[in-house]
Amino acid sequence: MAIKVVERRPLTLLERTYLPQILGGLKVTWDNLVRPPVTLQYPEERPTIPNGYRGVPTLVRDPNGREKCVSCQLCEFVCPPKAIRITPGEIAEDSANAHVEKAPKEFEINMLRCIYCGLCQEACPVDAIVEGPNFEFSTETREELFYSKEKLLENGARWEREIARNIALDAPYR
């Protein structure tokens, strides 16, 4: 195999001074100075949340107000960082949830581990766990980021309307 030597043309005086590159950079800077700003004044101005946004996981209730979760533990098994922990519990026959075989005694999500992948939502056979539109969940302590079943149900009730809209928009793709 022959080696072919390619002669490079010598740089001109203008190219050796880097003036074209400097002027091009100054033009980009000037264009951005005269362009209107795109910064939102958060929290006064709220960002638009796109459809299909994966926010904080929540537990939702059925139309009768009962917990949807049947404690199948599929979300726990499919969670890559193992952020979900479910302890199944038995249901009394006179309970409001007597329509299912078992319900979670404890349902916890470690939000420090959660990677918002949506696999828990996809694995759930009864659509009990969904990722809501909430993206604001700053806390003062790490312990506040361990969500119990009550906190997850509270978040589901708080974002119920937006979650129902997102599920309806996502229905053709499921």
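Lys82 is partly exposed, with a relative accessible area of 46%. Keep in mind that this is a predicted model. Lys82 sits in the loop between α3 (74–78) and β2, and its phi is near 55°, a positive value in a residue other than glycine. From there, the tour below goes through the sheet, the nonpolar core, two buried asparagines, the rings and some backbone oddities.

**The sheet**

- Three strands make up an open sheet in the order β2-β3-β5, and the pairing is antiparallel.
- β2 and β5 are the edge strands, each with a single partner, so one side of each has no neighbour in the sheet.
- In general, strands of a sheet pair through backbone hydrogen bonds, in either a parallel or an antiparallel way.
- How many bridges join β2 to β3? There are seven, and the two strands run antiparallel.
- Want some landmarks for that pairing? Ile86 has Phe107 in β3 as its bridge partner, and Glu90 has Lys102, also in β3.
- On the other side, β3 and β5 run antiparallel and are joined by two bridges.
- One partnership to look for there is Ile109 with Tyr147 in β5.

**The nonpolar core**

- The largest nonpolar core has 20 residues.
- Which of its members touch the most other members? They are Cys75, Ile84, Phe107, Ile109, Met111 and Ile129.
- The elements that each put two or more residues into this core are β2 (84–90), β3 (102–110) and α5 (149–158).
- As background, nonpolar side chains in soluble globular proteins tend to be buried together.
- Two of those core residues have turned up already: Phe107 is the bridge partner of Ile86, and Ile109 is paired with Tyr147.
- Met111 is worth clicking on: leaving out residues up to four places away in sequence, Met111 touches Val56, Pro57, Tyr116, Leu145 and Tyr147.

**Two buried asparagines**

- Asn110 belongs to strand β3.
- Is Asn110 buried or exposed? Asn110 counts as buried because its relative accessible area is 13%, and the cut-off for buried is under 20%.
- The side chain of Asn110 reaches the backbone nitrogen of Leu112, at 3.0 Å.
- Setting aside residues up to four places away in sequence, Asn110 touches Ala83, Leu145 and Phe146.
- Leu145 is also on the list of residues that Met111 touches.
- Asn155 is part of helix α5, and that residue is buried too, with a relative accessible area of 5%.
- Not counting neighbours within four places in sequence, Asn155 is in contact with Val56, Thr58 and Tyr147.
- Val56 and Tyr147 are also among the residues that Met111 touches.
- For a sense of scale, the C-alpha atoms of Asn155 and Arg85 are separated by 18 Å, and these residues are 70 apart along the chain.

**Rings**

- Searching the whole structure turns up one aromatic pair.
- That pair is Tyr42 with Phe135, and the geometry is tilted: 6.4 Å centre to centre, with 45° between the planes.
- Where do the two rings come from? Tyr42 lies in the loop between α2 and β1, and Phe135 in the loop between β4 (129–131) and β5 (146–147), so the pair ties together parts that are 93 residues apart in sequence.
- Both partners are partly exposed: Tyr42 has a relative accessible area of 40%, and Phe135 has 29%.
- Tyr147 has a charge for company: the charged end of Lys151 sits over the Tyr147 ring, 5.3 Å from its centre.

**Backbone oddities**

- Tyr42 shows up again here, since a cis peptide bond joins Tyr42 and Pro43, with omega about 10°.
- Pro43 is placed in the loop between α2 (19–34) and β1 (57–59).
- Tyr116 has a positive phi of about 55° although it is not a glycine.
- Tyr116 is placed in the loop between β3 and α4 (119–123).
- Is Tyr116 buried or partly exposed? Tyr116 is partly exposed, with a relative accessible area of 23%.
- Tyr116 is also one of the residues that Met111 touches.

Technical notes:
Residues are numbered from 1 along each chain as its sequence is written. This is a predicted model: local features need pLDDT of at least 70, side-chain atom pairs count only at pLDDT 80 or more; totals for chains, interfaces and linings use all residues. Side-chain values use heavy atoms; hydrogens and water are left out. A nonpolar core is a set of buried Ala, Val, Leu, Ile, Met, Phe, Trp, Tyr and Cys residues joined through side-chain atoms within 4.5 Å. Buried means under 20% relative accessible area, exposed over 50%, partly exposed in between (1.4 Å probe, protein chains only). Helices (H or I, at least four residues) and strands (E, at least two) are DSSP runs, numbered from the N terminus. Contact means heavy atoms within 4.5 Å. A polar contact is a pair of N or O atoms within 3.5 Å; within protein, one must be able to donate a hydrogen and the other to accept it, and residues adjacent in sequence count only if both atoms are side-chain atoms. Rings of Phe, Tyr and Trp (its six-membered ring) pair if their centres lie within 6.5 Å; planes under 30 degrees apart count as stacked, over 60 as edge-to-face and the rest as tilted. A charge sits over a ring if NZ of Lys or CZ of Arg is within 6 Å of the ring centre and within 35 degrees of the ring normal. Two strands pair if DSSP finds at least two bridges between them.
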